[in-house]
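Dear colleague,

I am passing on the structure we spoke about, with the sequence alongside. My notes on what was found in it follow below, and I would be glad if you could read them with the model open.

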Amino acid sequence: MRANTNADVRRVFDRLADRYDSQMLAWERRLFPGSREWAVEQARGHVVELAVGTGLNLPLYDAGTTVVGIELSEPMLELARQRVAQAGLGERVELRQGDVQRLDVPDGVADTVLSTFTMCTIPDPLAAAREAYRVLKPGGRFVLAEHGPSSNPVIRAGMRLLEPLSVRFEADYLTRDPRPYLEQAGFAIESVTRTTRGISFRVLAVRP
């Protein structure tokens, strides 16, 4: 299976931008209900959001948080800018075009790094996890809502069969487990909750 590059990911999400919200929310209702809300509820203080996309999370943040959202795809980011303007979030949200594998963010400035359904598409998830570690303050949290390999062997086998197509057309690795990347980056995993036959992951990790 051919590995994705940033150019592949950008091309996919540039193409999907206009219909991303409807497609993503439909999948979330079926497989990951409440995961996005759960993730944002864990966020505190100054937040760096990886692959902010069209900004679906942004209206959910508590008024006490500030957010820097990083996104590779300019069409996705333009939709996020529109969402920020419509919700009047400009004083608390900064959006930047960039690569989450090489964050243009200083060391140790974030209280929370948040990722919702993004580690599955990043070409080098370990690099992204290391960048999350770098920008977090000691004791800061990495919050992830993600999908991964089902705990049901039949479903997991089906996911593996579909994965070459999902990677090619949606830049989406269906069976990528996010936990090893966090551990290799130096995080201590606080909790993992899996639902929907183990496909849905909710992970809290802390920078020691």
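Over residues 49-144 the chain is 26% helix and 29% strand, with the C-alpha atoms at the two ends of that stretch 10 Å apart; please bear in mind that this is a predicted model. The stretch corresponds to what UniProt lists, in an unreviewed entry, as "domain: Methyltransferase type".

Turning to the sheet, seven strands make up an open arrangement with mixed pairing, in the order β3-β2-β1-β4-β5-β7-β6. At its edges lie β3 (93-97) and β6 (188-195), each of which pairs on one side only, and from one strand to the next the twist averages 15°. Within the sheet, β4 (residues 110-116) and β5 (residues 136-147) pair in the parallel sense over six bridges, and L114 stands opposite V143 in β5.

Two helices can be placed against these strands. Helix α3 (residues 74-87) packs on the sheet, where it touches β2 (66-71) and β3, and its direction makes about 165° with that of β3, while helix α4 (residues 125-135) lies across β4 and β5 and runs at about 145° to β5.

The largest pocket has a volume of about 880 Å³ and is lined by 44 residues, with M24, C120, T121, H147 and D172 lying nearest its centre. Helix α1 (6-31), strand β2 and helix α5 (153-170) each supply at least two residues of this lining, and the largest share, nine residues, comes from α1. By type, the lining divides into 24 nonpolar, 14 polar and six charged residues.

With best regards

Note on methods. Residues numbered from 1 in each chain as written. Predicted model: local features only at pLDDT ≥ 70, side-chain atom pairs only at ≥ 80, totals over all residues. Heavy atoms only, no water. UniProt positions renumbered as here; feature names shortened; annotations may be inferred. Helix = DSSP H or I, 4+ residues; strand = E, 2+ residues; numbered from the N terminus. Pairing = 2+ DSSP bridges. Axes fitted to C-alpha atoms, helices over the stretch in contact; angles between N-to-C directions. Contact = heavy atoms within 4.5 Å. 1 Å grid on protein atoms, 1.4 Å probe; cavity = no way out; pocket = protein on both sides within 12 Å on 5 of 7 lines; lining within 4 Å. Points joined across faces, edges and corners; volume = space filled by probe spheres on them. Nonpolar A, V, L, I, M, F, W, Y, C, P; charged D, E, K, R; others polar.
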